[in-house]
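Hi everyone, thanks for coming. I'd like to take you through one structure today, so let me put the sequence and the model up first.

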2 protein chains.
Amino acid sequence: MKKVTIETVAQRVGVSAATVSYALSGKKKISPEVKAKIDEAIKELGYRPSITARNLASNKNWTVGLFASPTGNIREDFFFNNILAGVLDTLHEKKYQLMLYADYRSDTEQDNPDFNFSQPIDGALVMNPRVNDSNIDQLKERGIPYVLIGTSEDLSISYFVDSDITAGYYAAVKHLISKGHKKIYLLNGRADYTQSEKRRIGYRQALIDSGIEYDENCILNLAMLEEAGYTAVLEILAEDPECTAVVTFNDTIALGVLKALREHQIAVPGRMAVVSAGNTMITRIHSPSITSIDMAPYAIGAKAAELLIDVIEKRRMQPSHELLQAFLVERESS
Amino acid sequence: MKKVTIETVAQRVGVSAATVSYALSGKKKISPEVKAKIDEAIKELGYRPSITARNLASNKNWTVGLFASPTGNIREDFFFNNILAGVLDTLHEKKYQLMLYADYRSDTEQDNPDFNFSQPIDGALVMNPRVNDSNIDQLKERGIPYVLIGTSEDLSISYFVDSDITAGYYAAVKHLISKGHKKIYLLNGRADYTQSEKRRIGYRQALIDSGIEYDENCILNLAMLEEAGYTAVLEILAEDPECTAVVTFNDTIALGVLKALREHQIAVPGRMAVVSAGNTMITRIHSPSITSIDMAPYAIGAKAAELLIDVIEKRRMQPSHELLQAFLVERESS
DNA sequence: CTGAAAGCGCTTACAG
DNA sequence: CTGAAAGCGCTTACAG
């Protein structure tokens, strides 16, 4: 059985392939009779246009790539789920498809940076951009439009969307201060992360605005792991008894903190209050439930996808740095 | 600036496009001198092969589609994350890419079932197959190979991988019986789900093997939501005080059950033991931590992807129904 | 070892 | 309203 192509349909009806193509795309008027015959032939023959051929001829793929985290992180990260859901919903609405790439680059070798480009995409969404991100270099080199999810310190990157993390941390620290806390630690991420810096600034400003001394020693830079939070809070407890509250980089670190506190039977929030960032499902499930900064991941994903499509379709040329509102959700841990 | 194609490179070097193509693919021997010149020209010109053109000419896409749940479910489902991670890792190893489709079909209208096929894929992975799944119909019609993640009652579906849920529930119920429970309820999913039936069989067999009466009234068919578990357990408590344990369809329902028990200050597992299925992160985080049946989602994803690629590459023609081992993880709730 | 040429299956000015 | 034809950028028998 030979493959049925647009030519097969055309011959069956007795018209040219061009006419069939126009009938399908609706880009030209086709007489009703011919149109009807074509539709019938398509049905009878079970004709399916070849998307690859169409893409090649029209130079358009209706596909967007999402550069995500390593799969190890994806496995236990609801933040990813929400961003993904936002991206998917927007793409669906705009009739685009999603290619999902996990991050397999090792820190040392550059692996095969070309690999992810083995499919044609019209644009890309980049999560967790690194400082000198090889994916971004590739994207630039190929002239593929892209939008960053997160903030870049590189001003040549014209499009990104992020949540207003600084404002979120400001609110979180203000909240703790209003509860009477005076010595608040920030369990931050790695110092060279833009995300860490944004947190630090909000934290610092809240202290200053409240007339509380800002002390760099109260900021710890941790790996984004439960264990890191676990050991860090125990250290603080041992070395600085005046500390009565911590704000963490994310929910995962907070989980470790709370685990340590529970095991050592330290009252939360009585002796130690805890505020996290992320507001993923676990902050609600956990007992005590965790006060957390919501960073609107779904909205970020949706916005980023929208912006990207605007760029792809040339509806937008101006640089755009969107910050979505972050807000504090108060729960039992503070 | 004109687009640089294989022809540009060929002209620069003074050979034919065919030679460049062969040099790139390595499918024919090319003299070292010519090869070197070609490599140089490629670098100088910044040539990137068009994947679309390559796909069209070679009729191969190196891409697999994953038909997932609606985004509403994806947002709070770690089970999905783990399956996804398994799929991605295997595809990466085999040099395939992933197109991710969320499920936007409404229950009533068939939406646009063609939409997801607007990109070329070599094969598909189908999660949560429905009884008469329109995606599967499409796949069949187009002759695209596919593998089901989950079990189908339709024997014409030749490939699927799932966990041995029946054995898992058998173990879970045996475990509860060994703890002295005699009246155990099964908070199951919808009765017309294959997955529910598999659970019921394991549950039933464990009771029978232990000489405990199997009572259909002890099986409730619920929606897969927290609220469903919440109200169900309260009903049971009110109507059948002899019940001292429940096994749930998944972690989400268990969450609702435990919420109800906590709010009514009912001791877990003292008055009521709880066992869930899924063993996602929340079972560990929750307090009390939740005994749960691990269904190896990562392994399922990885196996399914492997199987699919074997089918795509014609290394496998025989039907294959793989069942991975499910095992019970005992925690505080039982 | 290298090349001329057909072919993959569409789209889209252009002409009528 | 319809068609002939070029073009999208590759791959791959086939011939030499």
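Let me start where the two protein chains meet strand to strand: L100(A) stands opposite L98(B), which belongs to β2(B). Before I go further, please keep in mind that this is a predicted model. The pairing around those leucines involves β2 of chain A, residues 97–101, and β2(B), which run antiparallel and share three bridges.

Now zoom out to the whole contact between the chains. How many residues does the contact take from each chain? It takes 36 residues from chain A and 36 residues from chain B. On the chain B side, the elements giving two or more residues are α4 (51–58), α5 (71–74), α6 (78–94), β2 (97–101) and α12 (281–285). Of these, α6(B) makes the largest contribution, with eight residues. If you sort that side of chain B by class, you get 19 nonpolar, twelve polar and five charged residues.

Just after α6(B) there is a backbone detail you may want to click on. K95(B) sits in the loop that links α6 to β2 in chain B. Its phi is near 70°, which is a positive value in a residue that isn't glycine. Is K95(B) buried or exposed? K95(B) counts as exposed, because 11 other C-beta atoms lie within 10 Å of its own.

Next, the DNA. Let's take strand C first. There are 29 residues around DNA strand C, and the closest are I6(A), A18(A), S21(A), A57(A) and K29(B). The elements that supply two or more residues to this surface are α2 (17–25) and α4 (51–58) of chain A, together with α2 (17–25) and α4 of chain B. Which helix gives the most? That is α2(A), with six residues. By class, the surface near DNA strand C holds 16 nonpolar, eight polar and five charged residues.

Now over to strand D. Here 28 residues surround the strand, and K29(A), I6(B), A18(B), S21(B) and A57(B) come nearest. Helices α2 and α4 of chain A, along with α2 and α4 of chain B, each supply at least two residues of the surface near DNA strand D. For strand D, the largest share comes from α2(B), which gives six residues. The class count for this surface is 15 nonpolar, eight polar and five charged residues.

Let's step back and look at how chain A is divided. The domain assignment gives domain 1 (6–49), domain 2 (63–164 + 297–324) and domain 3 (165–295). Between domain 1 and domain 2 of chain A, the C-alpha centres are 38 Å apart.

From there, let's go inside. In soluble globular proteins, nonpolar side chains tend to be buried together. In our model, the largest nonpolar core has 172 residues. The residues with the most contacts inside that core are V87(A), L125(A) and V147(A), plus V87(B), L125(B) and V147(B). Take L125(B) as an example: beyond four places in sequence, its contacts include V64(B), L66(B), F67(B), V87(B), Y146(B), V147(B) and I149(B), and also A304(B), A305(B) and L308(B).

Another one to look at is A302(A), in helix α13 (residues 297–312) of chain A. A302(A) is buried, because 23 other C-beta atoms lie within 10 Å. Which residues does A302(A) contact, apart from neighbours within four places in sequence? They are G86(A), V87(A), D89(A) and T90(A). The C-alpha atoms of A302(A) and I83(A) are separated by 7.4 Å, although these residues are 219 apart along the chain.

Just ahead of that helix is A296(A), in the loop between β10 (291–294) and α13 of chain A. This is another residue other than glycine with a positive phi, here near 50°. A296(A) counts as buried, because it has 21 C-beta neighbours inside 10 Å.

I'll finish with two cis peptides in chain B, for anyone setting up the model. V268(B) and P269(B) are joined by a cis bond with omega about 5°, and P269(B) lies in the loop between α11 (251–263) and β9 (273–277). The bond from S287(B) to P288(B) is also cis, with omega near 0°, and P288(B) is in the loop between α12 and β10 (291–294) of chain B.

That's my tour, and I'm happy to go back to any view.

Terms used. Residues numbered from 1 in each chain as written. Chains lettered and ligands numbered in written order. Predicted model: local features only at pLDDT ≥ 70, side-chain atom pairs only at ≥ 80, totals over all residues. Contact = placed C-beta atoms within 7 Å. Helix = DSSP H or I, 4+ residues; strand = E, 2+ residues; numbered from the N terminus. Nonpolar A, V, L, I, M, F, W, Y, C, P; charged D, E, K, R; others polar. Pairing = 2+ DSSP bridges. Near = placed C-beta within 6 Å. Core = buried A, V, L, I, M, F, W, Y, C linked by C-beta atoms within 7 Å. Buried ≥ 20, exposed ≤ 12 C-beta atoms within 10 Å, placed from the backbone. Domains from an automatic or database assignment.
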